[in-house]
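Here's a quick look at salt bridges and pockets in one protein chain. Have the structure open as you read.

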Amino acid sequence: LEHELGNLVGGRAWGLGIRGQGLKIEGLTVQDLRAEVTQIEIAMAYAISLPSSGVLGVRGYWSEAKKRMMQAAEAAKAIGDVNNEAAFIGNASTIVQYQGDIAGARADLEKVKFIFEKAGHKDQVAAVLHQLAILAQATGDLTEARNLYNQSLQLKRELGGKKDIAYTFRQ
C-alpha cells in the first residue's frame with residue numbers, strides 16, 4: 001500500500017504540474033488540456049483520499065486525505081464542476097467528523113449546502129440538510145435536528161422522492 005500511495009501521489013503531483021503550465025498538444029486548446037488534466041486529478045484524488053476506500057483513508061492518514069480533498073475541490077471549482085467540488089468538501093467533512101471535530105464537519109457541510117443551493121440542486125440540498133440533522137442529533141441538539149430533518153423533508157416532498165421521504169421519516 002505504501003508503494004501504491006507513492007505512485008498515486010506522484011501521478012497527482014504530475015497532473016498538478018501540467019495544469020499549471022502552458023503545454024500545447026495538437027488538437028487541444030490549453031483550456032481543454034487543463035480541464036482534462038483536472039478530471040484526471042479529480043479521479044486520482046478519489047482513489048487516494050476517500051474516507052472509506054481511498055489509500056489515505058484506509059491507512060488512517062486523515063490530515064493528508066483532507067488536504068488532498070480540499071485541493072481537488074479547488075480544482076473542480078476552477079473548471080466549474082460543482083458536483084465534484086461539493087463531493088470533495090463533503091468527504092472532507094466526513095474525515096473531520098472521524099477526527100472528532102463536529103463543528104468543523106458542520107462548517108464543511110454548510111459550504112456544500114451553499115454550493116448546491118447556488119447551483120439549484122434541491123435534491124442535493126435536501127441530502128445535506130439530512131446530514132446536518134444527523135450531526136445535530138449526534139451532539140444532542142434535538143431541536144436543531146428536528147428543524148433540519150423537517151427542512152430536508154419539505155424539499156424532498158417538493159421533489160416527489162418517495163424513497164427519500166421515507167428515509168428521512170425513518171430518522
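How many nonpolar, polar and charged residues are in the lining of the second largest pocket? Sorted by class, there are 9 nonpolar residues, 6 polar ones and no charged ones. Keep in mind throughout that this is a predicted model.

## The second largest pocket

This pocket has a volume of about 240 Å³. Its lining is made up of 15 residues, and those nearest the centre are Gly90, Ser93, Thr94, Leu109 and Gln131. Helices H5, H6 and H7 are the elements that each put two or more residues into that lining.

Ser93 is a handy residue to zoom in on. It sits in helix H5 and is buried, with a relative accessible area of just 4%, which is under the 20% cut-off. If you ignore neighbours within four places in sequence, Ser93 is in contact with Ala105, Asp108 and Leu109. Leu109 is also among the residues nearest the centre of the second largest pocket, while Asp108 turns up again below, in a salt bridge with Lys66.

## The largest pocket

Now for the largest pocket, which has a volume of about 310 Å³. Of its 13 lining residues, Lys77, Glu85, Ile89, Phe114 and Ile115 are the closest to the centre. By class, the lining splits into 7 nonpolar, 1 polar and 5 charged residues.

Which helices supply this lining with at least two residues each? They are H4, H5 (82–98) and H6. H6 gives the most, with 5 residues.

## A salt bridge within one helix

The model has a count of 6 salt bridges; here are some of them. One joins the side chains of Glu64 and Arg68, with N to O at 2.7 Å. Both residues belong to helix H4 (residues 62–78), and they're 4 residues apart, or about one turn of the helix.

Are the two partners buried or exposed? Glu64 has 27% relative accessibility, so it counts as partly exposed. Arg68 comes in at 12%, so it counts as buried.

## Salt bridges between helices

Asp108 and Lys66 also meet through their side chains, this time with an N to O distance of 3.9 Å. Asp108 lies in helix H6 (residues 102–119) and Lys66 in helix H4, so this salt bridge ties together parts that are 42 residues apart in sequence. Asp108 is buried, with a relative accessible area of 4%, whereas Lys66 is partly exposed at 23%.

Next up is the pair of Glu158 and Lys122, whose closest N and O atoms are 3.5 Å apart. This one links distant parts of the chain too: Glu158 is in helix H8 (residues 142–159) and Lys122 in helix H7 (residues 122–138), 36 residues apart. Both ends are partly exposed, with Glu158 at 48% relative accessible area and Lys122 at 43%.

Back to Lys66 and Asp108 for a last detail: together with Lys111, they form one network through salt bridges that share partners.

Conventions:
Residues are numbered from 1 along each chain as its sequence is written. This is a predicted model: local features need pLDDT of at least 70, side-chain atom pairs count only at pLDDT 80 or more; totals for chains, interfaces and linings use all residues. Side-chain values use heavy atoms; hydrogens and water are left out. A salt bridge is a side-chain nitrogen of Lys or Arg within 4 Å of a carboxyl oxygen of Asp or Glu. Buried means under 20% relative accessible area, exposed over 50%, partly exposed in between (1.4 Å probe, protein chains only). On a 1 Å grid over the protein atoms alone, a cavity is a set of points where a 1.4 Å probe fits but cannot get out, and a pocket is an open set with protein on both sides within 12 Å along at least five of seven lines; lining residues have an atom within 4 Å of a point. Grid points are joined across faces, edges and corners, and a volume is the space filled by probe spheres set on the points. Ala, Val, Leu, Ile, Met, Phe, Trp, Tyr, Cys and Pro count as nonpolar, Asp, Glu, Lys and Arg as charged, and the others, Gly among them, as polar. Contact means heavy atoms within 4.5 Å.
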